[in-house]
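Biologist: I should like to learn how to read the features of a structural model. Could we work through one together, beginning with the aromatic residues?

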Amino acid sequence: MNKRRVVITGLGVLAPNGNSLPEYWNALIAGKSGIGPITYFDPENLSVKIAGELSNFNPEDHFDRKEVRKMDPFTVYALVTAQEAISQAGLDQDDVNLERVGVILGTGVGGIQTLEDQHGIYTTRGQRRVSPYFVPKMIANIVAGQIAIKHGFQGPNHVVISACASGTDSIGTAARTIQYGDADVVVTGGSEASITGLTISGFANIKALSTRNDDPTAASRPFDNDRDGFVLGEGSASIILEEAEHAKARGATILAELAGYGPTDDAFHITQPAEGGLGAIRAMRNALKDANLNLEDVDYINAHGTSTPFNDKNESAAIISLFGDHAKNLKVSSTKSMTGHSLGASGSLEAVACVQAIQHSILPPTINYSTPDPECTLDYVPNTAQEAEVNVTLSNSFGFGGHNGVIVIKRWNE
């Protein structure tokens with residue numbers, strides 16, 4: 001049986017450096033960071049005082065105040081980006097079979113702001129003061145359910161949780177759902193709103209976060225020798241995946257093809273990647289095999305590139321080991337240098353960057369790259385965007401627990 005081809009017809013974004021797809025893309029190619037001092041709460045007693053917060057975003061510009069009170073921010077973010085993606089795709093409820101439209105999203109920690117807030121209320125004021133909306137705001141699956149309820153999408157609906165690989169795994173799972181024939185259209189991507197004192201404290205105490213508090217925009221510096229950890233970010237990206245013939249039949253504009261997906265696990269350590277990136281190698285190899293492409297076909301890799309000492313050198317080693325001589329021809333960049341690391345949303349934000357790179361023939365840079373690490377020897381598109389013909393891209397995501405997810409996004413050809 002021939003595999004059903006899966007294409008991308010819509011994109012939506014909320015990121016620390018842009019509250020829409022155009023704003024986000026323009027910021028990426030301008031090398032604009034969205035990282036700054038934490039404003040959501042007083043970080044005075046924390047060792048880390050910086051994060052990639054959304055800027056000038058007001059939920060009440062999109063929803064009634066009563067609706068906002070019933071949703072955790074990670075759900076609000078996803079609803080906003082889903083609407084942008086649906087609009088770009090031209091998905092009309094009257095023109096599609098709603099039973100064949102699914103929602104499969106990723107998140108790392110779900111409604112942790114709600115959990116933290118309500119736990120504080122419970123411990124200080126008791127059971128009676130806990131919100132009746134606590135559970136339906138906090139549970140991770142609610143984000144997919146809310147999008148389905150708003151738009152009437154009655155197809156497969158669930159949430160993928162695989163730490164920092166969640167957004168990428170959700171896209172791969174959505175593609176497989178279409179290929180298997182369970183849906184013709186899937187709203188996919190990831191959403192995260194985890195900038196809280198508790199989350200910052202947890203990551204800081206395992207020495208995962210940058211403490212460059214005095215220079216926030218320079219704190220996320222993937223592959224640079226002076227990197228000292230990642231910067232926590234937040235946001236959401238939604239992607240409309242569609243079976244190719246279905247998209248063509250309704251006259252949709254096809255932005256790119258989701259050609260391959262490779263999921264693996266290191267089975268090595270709860271937080272550190274396997275030495276030499278062995279799980280990452282298998283994930284990239286499997287994704288290209290799924291796409292029926294050769295190593296030499298790849299033009300660009302949007303790296304996981306967290307700015308941690310372990311990830312960056314292991315990911316670089318994995319790319320060099322797998323691609324061999326072709327590694328010298330590859331362009332590799334980490335857009336986390338500008339957005340920070342938005343955990344379960346990061347893979348979807350980076351998938352959007354891959355689609356845009358294909359559409360506009362421009363590669364987003366790795367900013368803050370000033371001192372090369374002798375263990376990271378690839379072309380990281382340093383500091384400035386580069387014009388280039390981009391036909392085949394990989395987007396890498398690796399998470400705590402050893403989760404590895406890689407997708408192949410390529411230029412659409414009939």
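Modeller: Certainly. Please bear in mind throughout that this is a predicted model. The structure holds five aromatic pairs.

Biologist: What is the geometry of the pair formed by the rings of F57 and Y77?

Modeller: Two values are needed, the distance between ring centres and the angle between ring planes; planes over 60 degrees apart count as edge-to-face. The planes of F57 and Y77 stand at 80 degrees, with the ring centres 5.6 Å apart, so this pair is edge-to-face. F57 lies in the loop between strand 3 (50–51) and helix 2 (65–69), whereas Y77 belongs to helix 3; the pair thus links distant parts of the chain, 20 residues apart. Both F57 and Y77 are buried.

Biologist: Which arrangement do F203 and F230 adopt?

Modeller: F203 and F230 are edge-to-face, with 5.2 Å from centre to centre and 75 degrees between the planes. Here too distant parts of the chain are linked: F203 is in helix 8 and F230 in the loop between helix 8 and strand 7, 27 residues apart. F203 is buried, as is F230. One aromatic cluster is formed by F203, F230 and F400.

Biologist: Let us turn to pockets. How much space lies in the largest pocket, and which residues are the closest to its centre?

Modeller: The largest pocket holds about 520 Å³ of space. It is lined by 34 residues, of which T271, Q272, P273, T308 and F400 are the closest to the centre. Two or more lining residues come from each of helix 10 (278–290), helix 11 (309–323), strand 13 (392–399) and strand 14 (403–410). Helix 11 gives the most, with five residues. As to chemical character, the lining of this pocket divides into 14 nonpolar, 17 polar and three charged residues.

Biologist: What lines the second largest pocket?

Modeller: That pocket has 14 lining residues, and Y40, F57, P59, P73 and Y77 are the closest to its centre. Its space is about 240 Å³. Helix 3 (residues 73–89) gives the most to the lining, with three residues. The lining comprises nine nonpolar residues, four polar and one charged. You will recognise F57 and Y77 from the aromatic pair discussed above.

Biologist: How should I approach salt bridges, and how many does the structure hold?

Modeller: Side chains of opposite charge can pair when their charged atoms come close. The structure holds 15 salt bridges. One of them joins R227 to D312, with the closest N and O atoms 3.3 Å apart. R227 lies in the loop between helix 8 (197–205) and strand 7 (235–243), and D312 lies in helix 11, so this salt bridge ties together parts that are 85 residues apart in sequence.

Biologist: Are R227 and D312 buried or exposed?

Modeller: The test for burial is a relative accessible area under 20%. R227 has 9% relative accessibility and therefore counts as buried. D312, at 0%, counts as buried as well.

Biologist: Which other salt bridges would be instructive?

Modeller: Consider K336 and E350, whose closest N and O atoms are 2.8 Å apart. K336 is in helix 12 (residues 336–339) and E350 in helix 13 (residues 346–360), 14 residues apart, and the pair links distant parts of the chain. K336 and E350 are both buried. Consider also K328 and D325, with their closest N and O atoms 3.5 Å apart; K328 and D325 are both exposed. Salt bridges may also join into a network, as they do for K3, R176 and D290.

Biologist: Finally, how is a nonpolar core to be read, and which residues touch the most other members of the largest one?

Modeller: In soluble globular proteins, nonpolar side chains tend to be buried together. The largest nonpolar core here has 41 residues, and I8, L241 and I409 touch the most other members. At least two residues each are supplied by several elements, including strand 1 (6–14), helix 1 (21–30), helix 7 (166–180) and strand 8. Helix 13 gives the most to this core, with eight residues.

Biologist: Where is G251 found, and is it buried or exposed?

Modeller: G251 is found in the loop between helix 9 (244–249) and strand 8 (256–265). Exposed means over 50% relative accessible area; G251 has 59% and is therefore exposed. The C-alpha atoms of G251 and A89 are separated by 9.8 Å, although these residues are 162 residues apart along the chain.

Methods:
Residues numbered from 1 in each chain as written. Predicted model: local features only at pLDDT ≥ 70, side-chain atom pairs only at ≥ 80, totals over all residues. Heavy atoms only, no water. 1 Å grid on protein atoms, 1.4 Å probe; cavity = no way out; pocket = protein on both sides within 12 Å on 5 of 7 lines; lining within 4 Å. Points joined across faces, edges and corners; volume = space filled by probe spheres on them. Helix = DSSP H or I, 4+ residues; strand = E, 2+ residues; numbered from the N terminus. Nonpolar A, V, L, I, M, F, W, Y, C, P; charged D, E, K, R; others polar. Salt bridge = Lys/Arg side-chain N within 4 Å of Asp/Glu carboxyl O. Buried < 20%, exposed > 50% of the residue type's maximum accessible area, 1.4 Å probe, protein only. Phe/Tyr/Trp six-rings, centres within 6.5 Å; stacked < 30°, edge-to-face > 60°. Core = buried A, V, L, I, M, F, W, Y, C linked by side-chain atoms within 4.5 Å.
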